[in-house]
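The following exercises are for a reader who meets this structure for the first time. Each one sets a task and then works through a solution.

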Amino acid sequence: MMTALAPAAWQVARGEASEAESYSELYGRCFDASWPAADFSAYASDPGCIVFGAHAAGHLAGLIVCRCAVDEAEIITLAVANESRRRGIARALWERALGELAEKGVARVFLEVAANNEAALGLYRTLGFEEVGVRRGYYAEDAQDARVLAITLRD
Ligand SMILES: CC(C)(COP(=O)(O)OP(=O)(O)OC[C@H]1O[C@@H](n2cnc3c(N)ncnc32)[C@H](O)[C@@H]1OP(=O)(O)O)[C@@H](O)C(=O)NCCC(=O)NCCS
């Protein structure tokens, strides 16, 4: 079993546009897809978006990007480097984002996750998300279904 890192071994900080290359590089390591640094730069500069990164040993080890629209928000992406998983980093990233979402008055948060992504489904279940729908064949690369999950922050 992996030993949890002491909390001081990694820190969560707001993502800056200047870090976009690191975000793009980490995203490419976590998914079978690339995401241009310019997109991360745009999200980090957008007041309607929330971007946080987890830093461990001087490296970006995790990231979360959320986008808000009036009283709803979407987790656009959440990922943790393979070697840093199961240490509570995704949970910590979500909790930081959650604090800001609540401050912004967001009532409900949505996301899409591949139906075969057991790790992400396990995480979101633990965080209190519930399934609210399915998008059939949503992912172009393998026609995998997407499960739509949501969590209510306030009525
Ligand atoms: C999903 C992902 C972000 C989880 O990151 P993580 O930092 O390992 O997650 P945490 O350590 O914060 O886990 C918190 C809880 O989520 C659940 N969880 C996390 N990974 C899990 C797994 N592989 N299987 C089952 N449950 C899991 C557990 O309840 C865990 O608590 P525990 O470790 O005390 O049992 C990570 O596996 C990842 O980056 N995967 C690839 C990218 C991805 O699929 N992102 C989600 C796209 S929607």
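Two strands count as paired if DSSP finds at least two bridges between them. Strands are DSSP runs of at least two residues, numbered from the N terminus. The model discussed here is predicted.

**Exercise 1. Determine how many helices and strands the chain has, and in which order they run.**

Solution. Step one is the count: the chain has 4 helices and 7 strands. Step two is the order: from the N terminus on, the elements read β-α-α-β-β-β-α-β-α-β-β.

**Exercise 2. Describe the sheet: state the order of its strands and which strands stand at the edges.**

Solution. Begin with the order. The 7 strands form an open sheet, S1-S2-S3-S4-S5-S7-S6, with mixed pairing. Next, look for strands with a single partner strand: these are S1 (10-14) and S6, so each has one side without a neighbour in the sheet. Finally, consider the twist: neighbouring strands are turned by 25° against each other on average, direction ignored. As background, strands of a sheet pair through backbone hydrogen bonds, either parallel or antiparallel.

**Exercise 3. Examine the partners of S7 and name the residues that face each other.**

Solution. S7 comprises residues 144-152, and 7 bridges join S5 to S7 in an antiparallel arrangement. In this pair, Arg108 stands opposite Thr152 of S7. On S6 (residues 130-139), 6 bridges lead to S7, again antiparallel. Here the bridge partner of Arg135 is Ala146 in S7. The connection completes the picture: S6 and S7 form a hairpin with 4 residues between them, and Ala143 in the turn has a positive phi of about 60°.

**Exercise 4. Locate Ala57 and Val70, and decide whether each is buried or exposed.**

Solution. Ala57 belongs to the loop between S2 (49-56) and S3 (59-69). Its phi is positive, near 50°, although the residue is other than glycine. A residue is exposed if 12 or fewer other C-beta atoms lie within 10 Å of its own. Ala57 has 9 C-beta neighbours inside 10 Å and therefore counts as exposed. Val70 lies in the loop between S3 and S4. Val70 is not a glycine either, yet has a positive phi of about 55°. With 10 other C-beta atoms within 10 Å, Val70 is exposed.

**Exercise 5. Characterise the surroundings of the ligand: which residues come nearest, and which elements contribute?**

Solution. There are 21 residues around the ligand, of which Arg85, Ala90, Ala119, Gly122 and Leu123 come nearest. The elements that give two or more residues to this shell are S4 (72-80), H3 (89-103), S5 (108-114) and H4 (118-127). H4 supplies the largest share, 6 residues. Sorted by class, the shell has 12 nonpolar, 4 polar and 5 charged residues. H4 itself is hardly covered, with 1 buried residue among its 10. After H4 comes Gly128, whose phi is positive, near 100°.

**Exercise 6. Compare the radius of gyration of the chain with that of a compact globule.**

Solution. For 155 residues, a compact globule would have a radius of gyration near 15 Å; the chain has 15 Å, so the two agree. The C-alpha trace spans about 40 × 35 × 30 Å along its principal axes. Of the 155 residues, 30% count as buried. Among contacts with a separation of 6 or more, residues 24 or more positions apart account for 58%.

Terms used. Residues numbered from 1 in each chain as written. Predicted model: local features only at pLDDT ≥ 70, side-chain atom pairs only at ≥ 80, totals over all residues. Near = placed C-beta within 6 Å. Nonpolar A, V, L, I, M, F, W, Y, C, P; charged D, E, K, R; others polar. Buried ≥ 20, exposed ≤ 12 C-beta atoms within 10 Å, placed from the backbone. Rg over C-alpha atoms; globule rule 2.2 N^0.38 Å. Contact = placed C-beta atoms within 7 Å. Axes fitted to C-alpha atoms, helices over the stretch in contact; angles between N-to-C directions.
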